[in-house]
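Trainee: I am new to this structure and would like a close look at a single part of it. Could you choose one helix and take me through it carefully, with enough of the surroundings to place it?

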Amino acid sequence: MLADQQTKKCDFGPAIFPTIKRNEKGCKMYVTSEPVLMAWGFETLFSEVKNRDIKVLRKFVKDCVGGHSNYYRYNNGQRLLTPELQTLIIGKFKEYGYQDNLIFDHYAYVYGFDH
């Protein structure tokens, strides 16, 4: 049975497969054991945004996080922004010329998150 799962190229199974490397490229289910700095909350980020830019920047952030409902989940901390999303969002603010207060409201180190 276990041999069948290995030959079918399963992503996971009820045993340890020694032929699969335990690194980011060898196993799709690999999760780093290092803490990752996650963020949530947009109040500080939008605090000094000019009125002419608020609508487009807020729409960009909503598109990044998956829509209007998710925007509020990320704002309230029900969901956390990955470092990649943080970089993407802050990069957009920099494109519009903002340099100050490019931080999220809250940060926390989290173990074992999913992208």
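Mentor: Let me begin with the whole chain, which exposes about 8300 Å², with carbon and sulfur atoms supplying 51% of that area. Please keep in mind that this is a predicted model, and that the values below are computed from it. The protein chain has five helices and two strands, and from the N terminus on these elements follow one another in the order α-β-α-α-α-α-β. Of its 115 residues, 28% count as buried. Among contacts between residues at least 6 apart in sequence, 69% join residues at least 24 apart.

The part I would choose is helix α5, which covers residues 83–95. This helix has 13 residues and reaches 18 Å from its first C-alpha to its last, close to the 18 Å expected at 1.5 Å a residue. Its buried residues are Leu85, Gln86, Ile89, Ile90 and Phe93. Around the helix axis these residues cover an arc of only 120°, and therefore they sit on the same side of α5. On the other side of the helix, Thr87 and Glu95 are exposed.

What does the buried side of α5 pack against? The partners of its buried residues are β1 (36–40), α2, α3, α4 and β2, so named in order along the chain. One of these buried residues, Leu85, is worth following on its own. Leu85 has its place in helix α5, and it counts as buried because its relative accessible area is 15%, where the cut-off for buried is under 20%. Leaving aside residues up to four places away in sequence, Leu85 touches Cys64 and Tyr74. Leu85 and Met38 are 47 residues apart along the chain, and their C-alpha atoms are separated by 9.5 Å.

The exposed side of α5 brings us to charged side chains. Side chains of opposite charge can pair when their charged atoms come close. The structure holds three salt bridges, and one of them joins the side chains of Glu95 and Lys92, at 3.5 Å from N to O. Because Glu95 and Lys92 are three residues apart in helix α5, they are separated by about one helical turn. Glu95 has a relative accessibility of 62% and therefore counts as exposed. Just after the helix, Gly97 takes a positive phi of about 90°.

Since α3 is among the elements that the buried residues of α5 pack against, it helps to look at that helix in the same way. Helix α3 (residues 51–65) has 15 residues and spans 22 Å from its first C-alpha to its last, close to the 21 Å expected at 1.5 Å a residue. Its buried residues are Asp53, Leu57, Val61, Lys62 and Val65. Seen down the axis of α3, these buried residues fall within an arc of 160°, so they line one face of the helix. The cover over them includes α2 (43–46), α4 (68–76) and α5 itself. On the other side of α3, Arg52, Lys55 and Asp63 are exposed, and just after this helix Gly66 takes a positive phi of about 100°.

Salt bridges are found in this helix as well. Lys59 and Asp63 both lie in α3, four residues apart, about one turn of the helix, and their side chains meet in a salt bridge with an N to O distance of 2.9 Å. Arg52 forms another salt bridge with Asp53, where the closest N and O atoms are 3.9 Å apart. Of that pair, Arg52 counts as exposed because its relative accessibility is 65%, whereas Asp53, at 8% relative accessibility, counts as buried.

Finally, β2 is also among the elements against which the buried residues of α5 pack, and it leads us out to the surface. Tyr107 is found in this strand, which covers residues 106–110, and its relative accessible area of 35% makes Tyr107 partly exposed. Together with Leu37, Ile103 and Tyr109, Tyr107 makes a nonpolar surface patch of about 400 Å².

Technical notes
Residues numbered from 1 in each chain as written. Predicted model: local features only at pLDDT ≥ 70, side-chain atom pairs only at ≥ 80, totals over all residues. Heavy atoms only, no water. Patch = residues over 30% accessible without salt bridge, like charges linked within 9 Å, V, L, I, M, F, W, Y side chains within 5 Å. Areas by Shrake-Rupley, 256 points an atom, 1.4 Å probe, with all protein chains shown as cover. Salt bridge = Lys/Arg side-chain N within 4 Å of Asp/Glu carboxyl O. Buried < 20%, exposed > 50% of the residue type's maximum accessible area, 1.4 Å probe, protein only. Expected span 1.5 Å × (residues − 1). Arc of directions from axis to C-beta. Contact = heavy atoms within 4.5 Å.
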